[in-house]
Amino acid sequence: MAETLPLLGRIAVITGAARGLGEAMARALARRGAKVALLGLEERELARVAASLPGESAYWPVDVTDEAAMERTATQVTERLGPPSVVVANAGVAAAGPFLDTAPATWRRIVEVNLLGSAVTARVFLPDLLRTHGYYLQVSSLAGIAAAPMMSAYCASKSGAEAFAHSLRAELAHRGVGVGVAYLSWADTDMIKAADGHAVMRVLRAGLPWPASKTHPVAPVAARLVHGIERRAPVVYAQPWLRAAQAVRAGLPGIVARRSRHEFARLTDRSDITATGLFGAGGKAAERPPGQEAPGGRAG
């Protein structure tokens, strides 16, 4: 059974678990026998997900950028469920629009959540992963391979998170902790659906060549990432074609710049190509100041 269900009885922590990819990964991990700790900003959604999972699970409303709150949460996870063997740094937010039109607070918040939040997540859970010889998965993106116009903060943060994970892997390999980077393209999450409601994102995506413009169902994406967790893979590609993008990434900035020069020149006078603010309900939650920390709930 251990060979077919390597996560059976293991404790897995997922940030950004209230909806979207985090929720889908929680379901996939629970089906594979893991006990799941759900971390995120939206307590009601976390409780909904936890109550629907098979087996044992618990949830903690917490902001991944709040190091003190994350330290308390890490202690509570270990006390409640046991020391984690898997940690998935999935929490992320996004916005789009011209760099000069984007509010500095929005730009900064994206980097704080996507990059600094990942570093905080690793810092507070690494002591447990060292004890369990566990595995840390950093969720990056196609944006970490090929930067796109109108998404400078998101691309910068995902590139930074990718580099952070690669550095961490080299640092921890001799100590028995595996570190992986997950790359994925557009997944059919609430965040992407909300993004598609903005003209700037429709224009951006329309200018992408296939298959980079395609939206993928979230469940198969989550399943592929969980398979990577089970293999302790150093790199996980949610869509196989991303491996080819990785192979030619050195030439992608020039290609993107040339294509964008023609595409965006036509949009100079469009008044609807504006900064969007953070996408979706998760983005709205991230915009609000963190509230008083609530105790973790339980289901299963």
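The following dialogue examines how terms are applied to one predicted model.

Trainee: What should be known about the model before its features are read?

Mentor: This is a predicted model, in which local features need pLDDT of at least 70 and side-chain atom pairs count only at pLDDT 80 or more, while totals for chains, interfaces and linings use all residues. Residues are numbered from 1 along each chain as its sequence is written, and side-chain values use heavy atoms, with hydrogens and water left out.

Trainee: How many helices and strands are in the chain?

Mentor: The chain has 12 helices and 8 strands. Helices (H or I, at least four residues) and strands (E, at least two) are DSSP runs, numbered from the N terminus.

Trainee: Why is the pair Glu230 and Arg32 called a salt bridge?

Mentor: The term requires a side-chain nitrogen of Lys or Arg within 4 Å of a carboxyl oxygen of Asp or Glu. The closest N and O atoms of Glu230 and Arg32 are 2.7 Å apart, so the pair satisfies the definition. The pair links distant parts of the chain, since Glu230 lies in helix α9 (residues 218–231) and Arg32 in the loop between α1 (20–31) and β2 (35–40), 198 residues apart. In general, side chains of opposite charge can pair when their charged atoms come close.

Trainee: What makes Arg32 partly exposed?

Mentor: Buried means under 20% relative accessible area, exposed over 50%, and partly exposed in between (1.4 Å probe, protein chains only). Arg32 has a relative accessible area of 28%, so the middle class applies.

Trainee: How do you know that Glu56 and Lys35 form a salt bridge?

Mentor: Their closest N and O atoms are 3.7 Å apart, so the cut-off is met. Glu56 lies in the loop between α2 (43–52) and β3 (57–61), and Lys35 in strand β2, 21 residues apart. Both partners are partly exposed, Glu56 at 25% and Lys35 at 27%.

Trainee: Is Arg109, the partner of Glu112 in a salt bridge, buried or exposed?

Mentor: Arg109 has 13% relative accessibility and therefore counts as buried, whereas Glu112, at 25%, counts as partly exposed. The two side chains meet at 3.7 Å, N to O. Both residues lie in helix α4 (residues 104–132), 3 residues apart, about one turn of the helix.

Trainee: How many salt bridges does a search of the whole structure find?

Mentor: The search finds 10 salt bridges.

Trainee: Why is strand β6 described as largely enclosed by the rest of the structure?

Mentor: In strand β6 (residues 178–183), 6 of the 6 residues are buried, so the strand is largely enclosed. Gly178, Gly180 and Ala182 point one way from β6, and Val179, Val181 and Tyr183 point the other way.

Trainee: What makes β6 a paired strand?

Mentor: Two strands pair if DSSP finds at least two bridges between them. Strand β5 (residues 135–139) runs parallel to β6 and is joined to it by 5 bridges, so these strands pair. Here Tyr136 stands opposite Val179. On β6 and strand β7 (residues 235–237), 3 bridges are found in the parallel sense, so this too is a pair. Tyr183 stands opposite Tyr237 in β7.

Trainee: What does the term nonpolar core require?

Mentor: A nonpolar core is a set of buried Ala, Val, Leu, Ile, Met, Phe, Trp, Tyr and Cys residues joined through side-chain atoms within 4.5 Å. The largest has 44 residues, and Leu39, Met70, Phe125 and Tyr136 have the most contacts inside it. Helix α4 gives the most to this core, with 8 residues. A second, separate core of 35 residues includes Met25, Leu38, Leu184 and Val221.

Trainee: Which residues does Leu39 touch?

Mentor: Contact means heavy atoms within 4.5 Å. Not counting residues up to four places away in sequence, Leu39 touches residues including Val13, Trp60, Met70 and Phe125.

Trainee: Why is Ser57 called buried?

Mentor: Ser57, in strand β3, has 1% relative accessibility and so counts as buried. A polar atom of the Ser57 side chain lies 3.2 Å from the backbone oxygen of Ala50. A polar contact is a pair of N or O atoms within 3.5 Å; within protein, one must be able to donate a hydrogen and the other to accept it, and residues adjacent in sequence count only if both atoms are side-chain atoms.
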